[in-house]
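Dear colleague,

Please find below the structure I promised to pass on. My notes on what was found in it follow directly after.

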Amino acid sequence: MKKLLIGCLLMCWGAVVEAAPQKVRVLLDWFVNPNHASLFAAQYSGAFARQGLDVELIAPADSASVPSLLAAGKADIGISYQPQLYTLVEKKVPVIRVGTLIDQPLNTLTTLSPTIHNLADFKGKTIGYAIPGFEDIAIKQMLTHAGVDPSTVTLVNLNMAATTALLTHRIDGAMTIYRNYELLSLQDKGVHPNVFLPEQSGIPAYDELILLAQQNQAKKQWVDAFLNALDQGTAWLKEHPQQAWQAFIQRYPEMNTPLNHQAWQATIPVFAKQSAAFSAERYQKMGDFLLQNHVISKVAPLSRYVQHVGEP
């Protein structure tokens with residue numbers, strides 16, 4: 001009887017240990033904002049928990065450090081951008097794309113100038129940007145696509161001050177004006193932006209936000225569980241946007257502003273429905289684009305950039 005009791009206790013203890021959730025630390029690309037609504041929804045709705053995951057969303061002290069911290073094992077998932085992935089691979093950072101959060105570009109080249117009606121009108125003007133090595137290259141490509149010699153345009157690195165620079169007329173145009181936030185902010189201030197979309201002006205379409213993992217972790221079962229839960233969270237978010245918003249601002253009260261609510265509503269349609277899915281053609285085109293513009297020295301095999309090669 002005593003042996004039977006001990007055996008039962010051991011079995012029960014084993015079941016508890018087996019049921020212990022897998023801890024997953026997600027290092028965000030920035031402070032928590034509507035771009036992370038899908039992750040929050042998966043957490044709040046219980047989708048992560050149902051997959052046996054205990055997910056923590058962490059805002060980085062320095063967004064530029066996310067890939068290196070991920071590679072060093074300080075997080076399990078890191079949010080990044082598709083164009084940045086190629087330079088990470090070039091630098092031999094041991095991370096790989098395992099999923100997509102937002103599967104379309106959000107950036108724009110925007111002007112408030114009443115004299116600029118098309119890209120050709122930027123000749124002799126000044127354009128600001130925030131991300132060197134991609135946005136400045138993209139601006140030059142867009143100008144070239146419109147028949148403008150890029151050397152006739154002055155480019156200024158404004159970091160994240162593009163909106164203010166536009167409003168104070170320090171610059172004639174800015175690249176770091178996102179469709180789901182800065183553009184809404186400008187419109188709320190009563191101005192009338194003229195917007196040029198990169199993917200319609202010679203820049204390959206790309207995934208705005210992607211999910212990275214360490215290369216040696218990418219095939220682990222918890223990664224698939226994470227992506228399945230994220231898809232469930234995205235579906236729930238799209239079915240219950242207002243309920244999700246109320247839960248979000250209760251958790252993050254500093255986000256409770258009219259502009260953030262607008263951004264929340266504008267971002268929901270652009271979350272990837274199937275986070276594991278990707279376009280091999282899109283990834284190849286972006287690699288070729290960066291190679292042609294000397295951002296990288298070679299395009300690596302697709303399997304180095306993307307886990308689950310062979311899926312849609």
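The residues of helix 5 that are buried (under 20% relative accessible area with a 1.4 Å probe and protein chains only, where over 50% is exposed and anything in between partly exposed) are Gln82, Pro83, Leu85, Tyr86, Thr87, Leu88 and Val89. Because seven of the nine residues of this helix (residues 82-90) are buried, helix 5 is largely enclosed by the rest of the structure. Helices (H or I, at least four residues) and strands (E, at least two) are DSSP runs, numbered from the N terminus. The buried residues of helix 5 pack against several elements, including strand 3 (77-80), strand 4 (95-102) and helix 12 (280-292), and the helix is followed by Lys92, whose phi is positive, near 65 degrees.

Please keep in mind that this is a predicted model, in which local features need pLDDT of at least 70 and side-chain atom pairs count only at pLDDT 80 or more, whereas totals for chains, interfaces and linings use all residues. Residues are numbered from 1 along each chain as its sequence is written, and side-chain values use heavy atoms, with hydrogens and water left out.

The structure holds 14 aromatic pairs, meaning rings of Phe, Tyr and Trp (its six-membered ring) with centres within 6.5 Å, called stacked if the planes are under 30 degrees apart, edge-to-face if over 60 and tilted for the rest. The rings of Tyr44 and Trp236 are tilted, because their centres lie 5.8 Å apart and their planes stand at 50 degrees; this pair links distant parts of the chain, with Tyr44 in helix 2 and Trp236 in helix 9, 192 residues apart. Tyr44 is partly exposed at 44% relative accessibility, while Trp236 is buried at 17%. Phe48 and Phe226 form a stacked pair, 4.9 Å centre to centre with 25 degrees between the planes, and this pair joins helix 3 (residues 47-50) to helix 9 across 178 residues; both Phe48 and Phe226 are buried. Ring pairs also link Phe40, Tyr44, Trp236, Trp245, Phe248, Tyr252 and Trp264 into a cluster.

Helix 9 (residues 221-239) also contains Asp231, which is buried yet has no salt bridge (a side-chain nitrogen of Lys or Arg within 4 Å of a carboxyl oxygen of Asp or Glu). The nearest side chain of opposite charge, Arg97, is 9.1 Å away from Asp231. Leaving aside neighbours within four places in sequence, Asp231 is in contact (heavy atoms within 4.5 Å) with Lys273, Gln274 and Ser275.

With best regards

Key: Lys, Arg positive; Asp, Glu negative; His and termini not counted.
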